[in-house]
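Work through these exercises with the sequence and the 3D view side by side. Try each task before you read its solution.

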Amino acid sequence: MIKLIDTHAHYDDEAYDGDRDLLLKRLFDESVEKLITVGCALNRWEDTVRLSESYEGIYGAVGIHPEDIYGLPDDYLAQIENLAKKPKIVAIGEMGLDYHYENYDKEKQIEVFIEQLRLADKLNMPVIIHSRDAAEDTMRILRAEKPKKAVMHCFSCSREIAAEVLSLGLYISFTGVLTFKNAKKAVEACELAPLDRLMLETDCPYMAPVPFRGERCESSMIMSTAAKMAEIKGVSTEEMIKICNRNAETFFGI
């Protein structure tokens with residue numbers, strides 16, 4: 001069976017504290033070729049780097065999630081830049097905007113997002129973008145900043161937003177959301193996206209696909225998302241995984 005690449009996981013999360021190494025060993029033995037573990041808060045970067053250096057198939061990304069913008073030190077960008085020099089840190093992120101919860105600091109989110117985009121541009125590194133309930137501002141910033149290489153992760157926006165994302169040259173990555181019954185927007189966006197701009201991810205431990213909804217997500221579950229994506233695009237599941245693996249290798253340089 002073909003092995004997969006999970007382009008967005010959070011194996012530094014406390015959800016894996018009880019069995020992290022056992023789980024990762026099983027995944028690499030059975031179903032996973034490579035994965036990107038994403039450290040999206042300053043206090044998680046050390047674990048991200050450690051995991052990437054401990055497993056041949058694990059690569060890392062470091063950045064500031066929009067929910068983790070508070071109390072940042074003045075040198076946070078310098079810290080990201082320093083970590084980005086490590087050979088297995090392959091992207092900056094996830095970064096972006098999240099207006100889902102009340103009392104968010106919109107202006108600070110925008111400031112930190114733009115600062116990270118400009119750092120990634122300076123370093124010529126790929127960008128992982130998070131956007132939740134903030135499509136208008138996200139697209140305005142992306143139009144202005146024009147990142148060289150970026151992916152909209154956990155995509156669930158409209159077909160119209162997908163069209164604009166693609167017109168800017170960005171990739172689109174889908175989680176298990178694609179398998180949900182109410183995922184009409186994600187399915188329409190997937191229909192629109194060309195095969196060479198698609199990637200697969202879990203966002204684990206979150207977003208477990210059907211039939212695993214409600215469980216702790218892990219990378220082998222991407223098979224369910226791949227099967228749904230293959231159905232939408234009219235190819236076999238194995239071919240879909242091959243295409244997405246190739247796209248991930250091209251995008252992240254892994």
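**Exercise 1.** How many bridges join S2 to strand S3 (residues 58-62), and in which sense do the two run, parallel or antiparallel?

*Solution.* Begin with the ground rules. This is a predicted model, in which local features need pLDDT of at least 70, side-chain atom pairs count only at pLDDT 80 or more, and totals for chains, interfaces and linings use all residues. Residues are numbered from 1 along each chain as its sequence is written, and side-chain values use heavy atoms, with hydrogens and water left out.

Step 1. Know the terms. Helices (H or I, at least four residues) and strands (E, at least two) are DSSP runs, numbered from the N terminus. Two strands pair if DSSP finds at least two bridges between them.

Step 2. Count. Five bridges join S2 to S3, and the two run parallel. Leu35 stands opposite Ile58 in S3.

Step 3. Follow the chain. From S2 it passes through helix H2 (residues 45-54) to S3, in a right-handed β-α-β crossover. Right-handed means that, with the strands pointing away from the viewer, the path from the first strand over the helix to the second runs clockwise.

**Exercise 2.** Describe the link between strand S1 (residues 4-9) and S2.

*Solution.* Step 1. Four bridges join S1 to S2, and the strands run parallel.

Step 2. Find a partner. Asp6 has Leu35 as its bridge partner in S2.

Step 3. Add the helix. S1, helix H1 (residues 20-30) and S2 make up a right-handed β-α-β unit.

**Exercise 3.** Why is strand S2 (residues 32-39) largely enclosed?

*Solution.* Step 1. Set the cut-offs. Buried means under 20% relative accessible area, exposed means over 50%, and partly exposed lies in between (1.4 Å probe, protein chains only).

Step 2. Apply them. Seven of the eight residues of S2 are buried, so the rest of the structure largely encloses this strand.

**Exercise 4.** Lay out the open sheet, strand by strand.

*Solution.* Step 1. Eight strands form the open sheet, in the order S1-S2-S3-S4-S5-S6-S7-S8, with parallel pairing.

Step 2. Look at the edges. S1 and strand S8 (198-200) stand there, each with a single partner strand, so one side of each has no neighbour in the sheet.

Step 3. Check the turn. Neighbouring strands of this sheet are turned by 25° against each other on average, direction ignored. The axes are lines fitted to C-alpha atoms, for helices over the stretch in contact, and angles run from 0 to 180 degrees between N-to-C directions.

Step 4. Zoom in on S8. Strand S7 (residues 171-174) pairs with S8 in the parallel sense over three bridges. Phe174 stands opposite Leu200 in S8.

**Exercise 5.** How many disulfides does a search of the whole structure find?

*Solution.* Step 1. Set the limit. A disulfide is a pair of cysteine sulfur atoms within 2.5 Å.

Step 2. Search. The whole structure gives zero disulfides.

Step 3. Test Cys154. Its nearest cysteine sulfur, that of Cys157, is 9.5 Å away, and Cys154 is in no disulfide. Cys154 is buried, at a relative accessible area of 15%.

Step 4. Test Cys204. Here the nearest cysteine sulfur belongs to Cys217, at 5.4 Å, and Cys204 is in no disulfide. Cys204 is buried at 0% relative accessibility.

**Exercise 6.** What kind of aromatic pair do Phe251 and Phe252 form?

*Solution.* Step 1. Learn the rule. Rings of Phe, Tyr and Trp (its six-membered ring) pair if their centres lie within 6.5 Å; planes under 30 degrees apart count as stacked, over 60 as edge-to-face and the rest as tilted.

Step 2. Read the values. A search of the whole structure finds six aromatic pairs. Phe251 and Phe252 form one that is edge-to-face, with 4.7 Å centre to centre and 80° between the planes.

Step 3. Check burial. Phe251 is buried at 1% relative accessibility. Phe252 is buried at 5%.

Step 4. Widen the view. Ring pairs link Tyr171, Phe251 and Phe252 into a cluster.

**Exercise 7.** Where does the cis peptide bond between Val210 and Pro211 lie?

*Solution.* Step 1. Omega is about 15° for this cis bond.

Step 2. Pro211 is in the loop between S8 and helix H8 (222-233).
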